Amino acid sequence: MPDRQEIIESIIDELEIEDLVEEDINECRRLLEENYRDLNFPADRVTIRRIQAKNFRNLDDRIVRMDDTNTALYGENESGKTTIFEAIRFNLFGRQEKQRITLTDPIQDEQSTLETTGNWSVDANHYLVYRTMSWDGPGYADDDRPKLNTDPSSEDEIPFHARNTQQDVSEAFGIWPVESREFGRYNIFSMFCLMSPNYKKFINWQNKAGFIDLLFGIDLAAPINESKKRRKEVYELTDEEETSPENLARAEGRENNLRDRLEELLEVKEETETILADRRSELRSINETLDQNSDLERLESEKLRLQRQINNLESERRETRGDLREARLNIKRYEEMEMGEELHSTAQDLQQLMTVPDRCPICTNDVDDDQRQRLLNDAACPLCSKDVPDKRIETGTEQDVRETIAEQDQLEEKIGQFQSRERELEGELNLLDSRIQDHQDQLDRVVAQIEESDANQLVDRRNELETEISELEREATSTQVEINAKQDELEDVADRLESLEEAYERRTEKMRKWKALQAFERIVRRHIEEERTSLKADFEDEMSSLLSYFEHGRFASARNVEFNSQGGYDFTVMIDNGDDIPSDRHNEFSNEGKILALLFHTAVLKLLAEQSNTLPIRMFLLDAPYSEIPDEGNTPDITNFLLALPEELPDYQILLTVTDSALSDRDEFNEAYQIKDF
């Protein structure tokens with residue numbers, strides 16, 4: 001693999017070709033130097049010596065010794081072989097909740113606590129890890145608080161007061177540099193442990209590519225991720241920055257319109273003030289001239305006095321005319337009443353002083369004067385016209401006659417009073433007409449004198465000037481008000497423009513930074529693909545060479561392995577008859593799927609052992625490598641492959657679990673592995 005500094009300089013050279021500014025290139029360099037780092041593993045080799053599990057699933061209390069050697073756990077189904085692998089994983093990594101691979105229901109039925117004690121070899125040193133798990137009602141407890149002894153004097157010397165964390169364990173075993181990248185402990189271990197039933201957990205893991213890149217020194221995913229994070233958190237445009245070009249253009253247009261309008265208003269104001277100054281100067285001159293002519297002022301004053309007196313007299317005359325109309329109306333009304341009384345009196349005489357009751361003697365309704373007269377004349381009901389019986393008409397008394405004469409006298413007295421008031425008002429009206437005429441004559445003479453005066457024209461001009469000056473002052477005030485409003489608005493727009501210009505500058509800079517980082521990510525991805533292409537070629541060579549162990553089953557006709565040219569580490573086993581086998585085919589429960597996983601993991605671990613600085617786990621755990629129903633072809637091929645693994649992976653401790661019914665020849669395994677019966 002190329003040297004780290006060589007890769008950094010190569011990426012920087014390509015960025016300079018992209019014509020980026022120096023500031024952006026330096027930022028990309030920092031992203032590389034801070035996130036593309038060589039991993040430092042404090043250990044080189046981790047294997048297991050011994051595992052003890054108590055109350056773990058179907059194991060009451062079981063100790064299995066591996067002694068850092070290749071070991072095959074042999075026994076029937078459900079005997080606890082898989083549980084031993086789970087205990088190894090739990091002892092080293094804990095339970096790891098809320099991950100795609102986790103440990104479910106590990107505590108034995110009717111028990112509340114399980115225990116595991118693992119004796120490990122770390123660079124030939126003896127490490128001991130003690131880890132328990134308790135059921136406390138709502139969930140499990142204590143699996144994340146292991147006890148670690150890095151120098152035990154015996155296989156079960158557990159420090160009484162030790163209370164370590166998972167990070168302590170991971171750091172002691174040299175796993176933390178990778179685990180700190182948040183890959184997940186069980187996901188990390190899935191490369192070293194093929195667990196039944198799903199052998200392809202690691203192959204199907206979506207972060208597999210980044211994890212393999214990291215282990216083989218192609219640690220360029222971190223700079224890309226940090227670059228994406230920086231684009232998102234630092235250089236993503238705010239809403240204001242996003243719309244700043246449009247808003248800035250509108251604000252600039254508004255500013256130009258305001259300045260144009262303000263310029264027009266200032267010109268109008270200047271013109272108005274110039275005219276106003278001229279008119280005021282002329283008015284002062286006229287007033288000075290008129291102040292020297294006292295006769296005209298006297299005549300103007302007399303004119304105003306006469307006009308006021310005429311107005312007052314005309315108002316008084318209108319009131320007098322109103323009183324006169326009222327008096328005449330009263331006279332007319334009382335005269336009509338008097339005529340009615342006279343007719344009534346005559347009728348009484350003709351009817352021999354007969355009186356008519358207030359109510360009709362026939363229908364008993366009220367009777368007015370006209371109806372009463374009809375009764376007297378026609379002897380009929382004034383309302384219903386029926387004949388009145390003689391006995392209902394009564395002869396009037398002398399008292400009725402006297403009352404009638406008194407009423408007549410009162411009417412005549414009232415008429416006389418109103419006639420007297422009429423004559424009085426007519427006299428007042430004539431006097432008012434005469435006085436008004438006299439004052440009008442005087443006013444006409446004064447007006448004539450004013451018109452004959454030489455200063456009269458000056459007075460007219462003064463009046464015109466006063467009117468014009470008043471209008472100009474209103475116009476000047478209105479203009480000034482609008483000027484003030486436009487100036488205030490212009491200040492607001494200027495402030496808004498300053499803010500928008502700053503937002504636009506930030507937008508421009510962010511977009512430049514954004515594009516620079518995109519170019520950086522593109523170049524880094526290209527380097528990743530170049531390095532991956534080289535690594536994939538090594539994988540293809542290793543896996544193709546491993547195909548020689550398959551002589552009987554479907555893989556016997558396989559000619560080579562090809563990895564996809566782009567993307568991650570997906571591959572296809574090429575078959576001579578054309579029925580190729582891709583790695584993403586969902587056959588993980590079959591022997592075919594297990595063979596795919598064995599090929600890939602073996603090649604990865606083999607090449608990983610050649611790395612000078614990489615993850616120190618040197619174990620390869622294979623749980624139930626045969627399917628439940630062995631087939632005639634693939635089963636012997638798997639056996640051949642398992643027997644060859646110690647030779648292919650001499651740096652690894654290989655652990656197998658094998659069901660006795662699947663073994664065709666136990667002695668063959670006994671030659672390559674120590675057998676532990678279950």
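**Exercise 1. Classify I415 by its accessibility in this predicted model, and describe its surroundings.**

*Solution.* I415 has a relative accessibility of 6%, so it counts as buried, the cut-off for that class being under 20%. The next step is to place the residue: I415 belongs to helix 14, which covers residues 398–452. Once neighbours within four places in sequence are set aside, I415 is in contact with I331, Y334, E335 and E338. A C-alpha distance completes the description: N330 lies 85 residues from I415 in sequence, yet the two are 7.9 Å apart in space.

**Exercise 2. State how many helices and strands the protein has, and what percentage of its residues is buried.**

*Solution.* The protein has 18 helices and 16 strands. Of its 678 residues, 44% are buried. Turning to the surface, about 35,900 Å² is exposed, and carbon and sulfur atoms account for 42% of that area. Contacts can then be sorted by sequence separation: among those between residues at least 6 apart, 74% join residues at least 24 apart.

**Exercise 3. Determine how helix 8 and helix 15 are oriented relative to each other, and which residues make their contact.**

*Solution.* Begin with the geometry. Helix 8 spans residues 208–215 and helix 15 spans residues 456–546; their axes are 11 Å apart and meet at an angle of about 85°. Angles from 65 to 115 degrees count as roughly perpendicular, and the two helices are therefore roughly perpendicular to each other. Next, identify the participants: helix 8 contributes A209, G210, I212 and D213, while helix 15 contributes I528, R532, L535 and F539. Sorted by class, the contact of helix 8 with helix 15 comprises five nonpolar residues, one polar residue and two charged residues.

**Exercise 4. Decide whether helix 8 is largely enclosed or not, and name elements that cover its buried residues.**

*Solution.* The buried residues of helix 8 are K208, A209, F211, I212, D213, L214 and L215. That makes seven of its eight residues, so helix 8 is largely enclosed by the rest of the structure. The cover over these buried residues includes helix 5 (176–179), helix 6 (185–189), helix 7 (201–204), helix 15 and helix 16. Finally, consider the backbone beyond the helix: just after helix 8, G217 adopts a positive phi of about 80°.

**Exercise 5. Find the residues that touch the most other members of the largest nonpolar core, and describe the contacts of F173.**

*Solution.* The largest nonpolar core holds 100 residues, and F173 and V573 touch the most other members. Helix 16 (residues 591–608) supplies the largest share of this core, 11 residues. For F173, residues up to four places away in sequence are left out; its contacts are then A43, V46, L92, W120, V122, Y127, V129, L148 and P616. A second, separate core has 18 residues, among them L15, I25, L517 and F520. As general background, nonpolar side chains tend to be buried together in soluble globular proteins.

**Exercise 6. Locate D19 and D123, and assign each an accessibility class.**

*Solution.* Take D19 first. D19 sits in the loop between helix 1 (4–17) and helix 2 (22–35), and its phi is near 65°, a positive value in a residue other than glycine. With a relative accessibility of 67%, D19 counts as exposed. D123 lies in the loop between strand 4 (113–122) and strand 5 (125–135). Its phi is also positive, about 55°, although D123 is not a glycine. D123 has a relative accessible area of 32% and is partly exposed.

**Exercise 7. Establish whether Y36 and E542 are buried or exposed, and list their contacts beyond four places in sequence.**

*Solution.* Y36 is in the loop between helix 2 and strand 1 (46–56). Its relative accessibility is 2%, so Y36 counts as buried. Beyond four places in sequence, Y36 touches R4, I7, I8, L31, G217, D219, L220 and P223. One of these, I8, is 28 residues from Y36 along the chain, with 8.6 Å between their C-alpha atoms. E542, by contrast, is part of helix 15. At 15% relative accessibility, E542 counts as buried. Its contacts, with the same sequence neighbours left out, are A603, K606 and L607.

Key: Residues are numbered from 1 along each chain as its sequence is written. This is a predicted model: local features need pLDDT of at least 70, side-chain atom pairs count only at pLDDT 80 or more; totals for chains, interfaces and linings use all residues. Side-chain values use heavy atoms; hydrogens and water are left out. Axes are lines fitted to C-alpha atoms, for helices over the stretch in contact, and angles run from 0 to 180 degrees between N-to-C directions. Helices (H or I, at least four residues) and strands (E, at least two) are DSSP runs, numbered from the N terminus. Angles under 35 degrees count as roughly parallel, over 145 as roughly antiparallel, 65 to 115 as roughly perpendicular and the rest as oblique. Contact means heavy atoms within 4.5 Å. Ala, Val, Leu, Ile, Met, Phe, Trp, Tyr, Cys and Pro count as nonpolar, Asp, Glu, Lys and Arg as charged, and the others, Gly among them, as polar. A nonpolar core is a set of buried Ala, Val, Leu, Ile, Met, Phe, Trp, Tyr and Cys residues joined through side-chain atoms within 4.5 Å. Buried means under 20% relative accessible area, exposed over 50%, partly exposed in between (1.4 Å probe, protein chains only). Accessible areas come from the Shrake-Rupley method with a 1.4 Å probe; for residues, only the protein chains shown count as cover.
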